[in-house]
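Biologist: Please show me the chain. I have some questions about its fold and its core.

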Amino acid sequence: IRNKQTLLTLSYPRFLLHAVLSPILLPLAADLASKTGNQPPQLRLVAWIVATALALRGFAHSYNVQLIPSRKRDISSFTYKTPDFEPVVVVIIGTLACAAAGLLLFAKGVQKTPSLFLG
């Protein structure tokens, strides 16, 4: 996209969707872990509450985000004006939760290969 304003307009929804949808990894991991039969029934509820709180926080955070043009390898994009690790932490937590659920499924014999754990 050659027009920077168009690219900027398209970048805001991308950042917003990423901030709001990434926490859904937590209920997904809880649902996967519940397939072993050893998880407390409240795990899914807690996962949804935490995911909702993180999604609302992500929405509030991305509402005030400031993006600046960036160019890497001849590709134009937009990035955060100041480095921000909060959105990354949510993704790391969700990924670790999914990896833990995958390891649990593999260890309990529910899944024959550790593919979910390995990513």
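The questions and answers below go from the overall fold to single residues.

Biologist: What pattern does the chain follow along the sequence?
Modeller: This is a predicted model. The chain has five helices and two strands. Read along the sequence, the pattern is α-α-α-β-β-α-α.

Biologist: Of the contacts between residues at least 6 apart in sequence, what percentage join residues at least 24 apart?
Modeller: Take the contacts in the chain between residues at least 6 apart in sequence. The share that joins residues at least 24 apart is 58%.

Biologist: How many of the 119 residues count as buried, as a percentage?
Modeller: The accessible surface of the chain comes to about 8300 Å², with 67% of that belonging to carbon and sulfur atoms. Of the 119 residues, the buried share is 26%.

Biologist: Which residues form the largest nonpolar core, and which helices each supply at least two of them?
Modeller: Six residues make up this core: Ala29, Leu32, Ala33, Cys98, Ala101 and Leu105. At least two of them come from each of H2 and helix H4 (86-107).

Biologist: Which residues does Ala101 touch, not counting those up to four places away in sequence?
Modeller: Ala101 belongs to the largest nonpolar core. Beyond four places in sequence, Ala101 touches Ala29, Leu32 and Ala33.

Biologist: Is Ser22 buried or exposed?
Modeller: Ser22 sits in the loop between helix H1 (4-21) and helix H2 (25-34). Leaving aside neighbours within four places in sequence, Ser22 contacts Leu17, Val90 and Val91. Buried means under 20% relative accessible area. Ser22 has 13% relative accessibility, so Ser22 counts as buried.

Conventions
Residues numbered from 1 in each chain as written. Predicted model: local features only at pLDDT ≥ 70, side-chain atom pairs only at ≥ 80, totals over all residues. Heavy atoms only, no water. Helix = DSSP H or I, 4+ residues; strand = E, 2+ residues; numbered from the N terminus. Buried < 20%, exposed > 50% of the residue type's maximum accessible area, 1.4 Å probe, protein only. Contact = heavy atoms within 4.5 Å. Areas by Shrake-Rupley, 256 points an atom, 1.4 Å probe, with all protein chains shown as cover. Core = buried A, V, L, I, M, F, W, Y, C linked by side-chain atoms within 4.5 Å.
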